[in-house]
Amino acid sequence: MEEVTVEMEAQTRQSAVPIIFKKANCPVTLKFEDVVYKIKSKTGVFLKKSKSEEKIILKGVTGMVLPGEILAMLGPSGSGKTTLLTALGGRLAGHLEGNITYNGKPFSSTMKRNVGFVTQDDVLYPHLTVTETFVYTALLRLPNSLSKEEKMIITEAVITQLGLSQCRDSIVGNPFVGGVSVGERKRVSIGQEVIINPSILLLDEPTSGLDSTTAQRIVSTLWELANGGRTIVMTIHQPSSRLFYMFHKVLLLSEGNPLY
Ligand SMILES: Nc1ncnc2c1ncn2[C@@H]1O[C@H](COP(=O)(O)OP(=O)(O)OP(=O)(O)O)[C@@H](O)[C@H]1O
């Protein structure tokens, strides 16, 4: 049985309100050194003489994020932010040069269960309510060793932690089917990952398309999650100065090069 799972069960049983959202299961120091990522792309597909060309997407990026810190990756569109985030989440197909370590160790299946990844596009069932979404996720993703009651306690804690109590009975919706607000929908997406209490939380553009107040609320929630000893990495396009000061570290990318 996983260390992480056992600890989560123990914590859940100790108190009626789980303390899992106050503390990460096992804090992780995420280190990446000289990360280079190349892909082969074809040019002149419609011509007989199509050539295979190498494109370097990440050109030696280095950094470190400690438990309790938020690293924001900035840069123009196409600078490699999503690629690096995907690499940090152990999801990048193909050959990656350089080193990415989690508490000094390479990516493993145990670490995979300890990483939450929030994609840029929300992957949600629009016709379910907020509560139904979390119940569904809890039943699907939490270990079988937890009872249904324990899973429901965790569900309630996530709804409270993410400030979704007022809209818990509204449908999630999408741009075509009305439902909760865009900011609330983003918090539901984050909650779907937070429910497994990951020690590393990676988020691709969690504030894109949101007004500055809603964006600040999302980053404040991430700040609280980081305070519990989690390691958080997010990509962001244009942070306002208010948001900028909420990050512990900033990595500025340009065409795959680290600038700052
Ligand atoms: N599998 C792939 N095949 C071809 N090109 C790719 C692939 N993955 C990434 N790229 C290219 O690598 C570059 C970096 O992409 P990436 O999505 O990481 O940028 P980004 O900084 O996240 O951009 P955005 O802010 O627009 O999401 C882009 O030019 C993109 O077209």
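**Exercise 1.** How many residues has the largest nonpolar core, and which residues have the most contacts inside it?

*Solution.* Since the model is predicted, the answer is read from computed coordinates. The largest nonpolar core has 38 residues, and those with the most contacts inside it are I190, L201, L222 and M234. The next step is to ask which elements supply this core: two or more residues each come from β3 (70-74), α4, α5 (148-161), α6 (182-194), β6 (200-203), α7 (212-227) and β7 (231-235). Of these, α7 gives the largest share, 6 residues. A second core of 25 residues, separate from that one, includes F32, L71, F117 and L251.

**Exercise 2.** List what L222 is in contact with, leaving aside its neighbours within four places in sequence.

*Solution.* With those neighbours set aside, the contacts of L222 are I70, I190, L201, L203, P206, I232 and M234.

**Exercise 3.** Decide whether L140 is buried or exposed, and find the surface patch to which it belongs.

*Solution.* First, L140 is placed in helix α4, which covers residues 130-141. Second, its relative accessibility is 62%, so L140 counts as exposed, the cut-off for that class being over 50%. Third, L140 joins Y125 and Y136 in a nonpolar patch on the surface, and the three together have about 370 Å² of accessible area.

**Exercise 4.** Count the disulfides, and classify C26 and C167 by their accessible area.

*Solution.* Taking a disulfide as a pair of cysteine sulfur atoms within 2.5 Å, the count comes to 0. C26 has a relative accessible area of 25% and is therefore partly exposed, whereas C167, at 5%, is buried, since buried means under 20%.

Definitions and conventions. Residues are numbered from 1 along each chain as its sequence is written. This is a predicted model: local features need pLDDT of at least 70, side-chain atom pairs count only at pLDDT 80 or more; totals for chains, interfaces and linings use all residues. Side-chain values use heavy atoms; hydrogens and water are left out. Patches are made of residues with over 30% relative accessible area and no salt bridge: like charges are joined within 9 Å, nonpolar side chains (Val, Leu, Ile, Met, Phe, Trp, Tyr) within 5 Å. Accessible areas come from the Shrake-Rupley method with a 1.4 Å probe; for residues, only the protein chains shown count as cover. A salt bridge is a side-chain nitrogen of Lys or Arg within 4 Å of a carboxyl oxygen of Asp or Glu. Helices (H or I, at least four residues) and strands (E, at least two) are DSSP runs, numbered from the N terminus. Buried means under 20% relative accessible area, exposed over 50%, partly exposed in between (1.4 Å probe, protein chains only). A nonpolar core is a set of buried Ala, Val, Leu, Ile, Met, Phe, Trp, Tyr and Cys residues joined through side-chain atoms within 4.5 Å. Contact means heavy atoms within 4.5 Å.
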